[in-house]
Amino acid sequence: MLESSNVVRPQPMESSTYSASSRLQAAGLNSATRLFEQAAAQVPIPSPPQPIAIADYGAANGYNSLLPMGAAVAVLRARTRPDHAILVAHTDLPDNDFTALFTTLTEDPDSYLTKDSATFPSAVGRSFYRQILPSESIALGWSSWATHWLSRVPAPIPDHIHISHSAEPNARRAFTQQAALDWQDFLAFRGRELAPGGRLVVLTLGVDDAGLPGFAGVMQALLTALQGLVEAGTVHPEEVARMAIPTVGRTEEEFRAPFAPSGRFEGLSVERLETFTAEDRFWARYRHDGDAAALGASWAGFARAAVFPTLATALEGGPHSRRAVDFVDTLESAVAAHLASSPQQMAIPLAALVLIKRHRSR
C-alpha cells in the first residue's frame with residue numbers, strides 16, 4: 001500500500017499474470033489463516049442489526065483474501081444467526097483494479113460469496129497509512145503481503161534497486177526511518193478503526209538469518225537484466241538510476257518497537273508474533289520435474305506482477321506508455337533466462353502478527 005501521491009506499489013498489468021503469481025504469495029497463507037480463524041472465534045460480535053465488520057487491508061485483486069475471508073466468515077456465522085449481516089470492506093489504493101477484485105469475488109469458486117448469502121462485500125480506495133474506516137467499527141482485520149510496501153521512496157538507492165542490497169548509509173538510514181514511520185501509522189489508524197476486543201492479523205515480510213527480506217536471487221537477476229538492457233540501449237542509465245523497489249522486511253524488534261515500553265500502542269497490543277520461512281513452491285516443482293526454464297519463467301512472472309510496474313514508473317513516458325509495455329516484456333524474458341541458467345531456491349521469510357484492541361478498562 002502506498003499513498004496515492006506516491007503510487008509505486010504495483011498494480012496488476014494483467015489480472016491473469018497477477019493471479020498466477022499470487023499463488024506464490026499464498027504460500028504463507030495457511031498458517032496466517034488459522035490465526036485469523038482463531039481471532040474470528042474470539043472477537044466480540046455486535047448485536048443485530050449492526051453488521052459484523054471485517055476489513056481487508058491491501059486487497060489487490062482479492063485472490064489472497066478468498067481463503068482467510070471464507071474461513072473467518074464460517075467461524076463468525078457459527079457464532080450468530082444465519083441472517084446476521086457480515087460486511088467485508090476490501091481496501092486498497094484508488095488506482096487498484098477493483099474490477100478484478102469484484103470479478104474474483106463473484107466468479108472464483110473459493111469466494112465467500114458462494115458460501116454465505118448474508119455476507120456483503122464493499123471496497124474503499126484509500127491508503128491504509130491513514131484512517132479509512134469509521135472509528136471502533138471493525139471487529140476483525142486482515143492484511144497480507146501489503147505492509148512491507150512503504151508509503152513512498154524516501155531516498156534514491158545509488159548502488160542497487162533494493163535497499164537491502166545497498167551499501168549507501170544515507171539511503172539505508174532513510175529507508176529504516178520510513179519503514180518505522182509507516183509501521184507506526186498503519187498501527188495507529190488500525191487502533192482507531194478496531195472495536196474494543198477486535199483483532200487484526202497481519203502477514204508480511206520478515207527477514208532471514210542474514211537480516212535480508214529474501215528473494216536475493218530474483219533481485220540479482222533483476223539487476224543483471226537491467227544492466228543488460230542499458231548495454232543494449234533499451235533503457236537509459238539515468239532511468240535505471242531512478243528505479244527503486246520500496247519494500248522492507250522487518251525484524252521482530254522492529255515489529256514490536258511501537259509497543260515499547262508499555263506493551264501498548266494506540267490501544268493495540270501484540271497478542272502473537274510468529275516468524276517463519278514460507279515454502280518456495282516454484283523450487284519444489286523444479287525439484288520434481290527438473291524444468292529450469294519453467295522455474296525461471298515462474299519467478300520472472302512473479303517479479304513482473306510484483307515489482308515491474310514500480311520499475312516502469314522510472315521510464316521516460318511513464319508506466320503506461322508503449323515503451324513501458326515493451327520494457328516489461330523484455331525484462332521478463334531476461335530475468336527468466338538468467339534464473340533458468342542458474343536454478344536456485346529463494347528464501348521467503350515471513351512474519352504473522354495477531355494484534356488486539358484492548359478494552360479501555362484493561
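Let's start in the sheet, where strand β2 and strand β3 (residues 119-125) pair in the parallel sense over seven bridges. Please keep in mind along the way that this is a predicted model. Within this pairing, H90 stands opposite A123 in β3. To get from β2 to β3, the chain passes through helix α4 (residues 98-107), making a right-handed β-α-β crossover.

Now look at the other neighbour of this strand. Strand β1 (residues 52-57) runs parallel to β2, and six bridges join them. Here Y57 stands opposite T91 in β2. The chain travels from β1 to β2 by way of helix α3 (residues 66-79), and this β-α-β crossover is right-handed too. As for β2 itself (residues 86-92), the strand is mostly covered, with six of its seven residues buried.

Y57 is a handy place to step from the backbone to the side chains. Ring pairs link Y57 with F128, Y129, W183, F186 and F255 into a cluster. R190 meets two of these rings: its charged end sits over the ring of Y57, 4.5 Å from the centre, and R190 also lies over the face of F186, at 5.1 Å from the ring centre.

Across the whole structure, a search finds 13 aromatic pairs. One of them joins F259 and F265: the ring centres are 6.3 Å apart and the planes meet at 75°, so this pair is edge-to-face. Both F259 and F265 are buried. A further pair brings W299 and F302 together, with centres 5.4 Å apart and planes at 85°, so this one is edge-to-face as well. W299 and F302 are three residues apart in helix α10 (residues 292-306), which means about one helical turn separates them. Each of these two residues, W299 and F302, is buried. The general rule behind such spacing is that an α-helix has 3.6 residues a turn, so residues three or four places apart point the same way.

Helix α10 also leads us to the charged contacts. The structure holds ten salt bridges, and one of them pairs R304 with E332, whose closest N and O atoms are 2.6 Å apart. This pair links distant parts of the chain, with R304 in helix α10 and E332 in helix α12 (residues 322-341), 28 residues apart. R304 is buried at a relative accessible area of 9%, while E332 is partly exposed at 21%.

Helix α12 has a salt bridge of its own, between R322 and D326, with the closest N and O atoms 2.8 Å apart. The two residues are four apart in the helix, about one turn. R322 counts as exposed at 55% relative accessibility, and D326 is partly exposed with a relative accessible area of 37%. Salt bridges with shared partners also join R304, D329 and E332 into one network.

For a bridge between strands, turn to E271 and R199, where the closest N and O atoms are 2.9 Å apart. E271 belongs to strand β6 (residues 268-277) and R199 to strand β5 (residues 194-205), so the contact ties together parts that are 72 residues apart in sequence. E271 is partly exposed, at 36% relative accessible area, whereas R199 counts as buried at 8%.

Finally, here is a quick geometry check on helix α2 (residues 29-42). At 1.5 Å a residue, its 14 residues should span 20 Å, and the end C-alpha atoms are indeed 20 Å apart. The buried residues of α2 include L29, L35 and F36.

Definitions and conventions
Residues are numbered from 1 along each chain as its sequence is written. This is a predicted model: local features need pLDDT of at least 70, side-chain atom pairs count only at pLDDT 80 or more; totals for chains, interfaces and linings use all residues. Side-chain values use heavy atoms; hydrogens and water are left out. Rings of Phe, Tyr and Trp (its six-membered ring) pair if their centres lie within 6.5 Å; planes under 30 degrees apart count as stacked, over 60 as edge-to-face and the rest as tilted. Buried means under 20% relative accessible area, exposed over 50%, partly exposed in between (1.4 Å probe, protein chains only). A charge sits over a ring if NZ of Lys or CZ of Arg is within 6 Å of the ring centre and within 35 degrees of the ring normal. Two strands pair if DSSP finds at least two bridges between them. A crossover is right-handed if, with the strands pointing away from the viewer, the path from the first strand over the helix to the second runs clockwise. The expected span of a helix is 1.5 Å times one less than its number of residues. A salt bridge is a side-chain nitrogen of Lys or Arg within 4 Å of a carboxyl oxygen of Asp or Glu.
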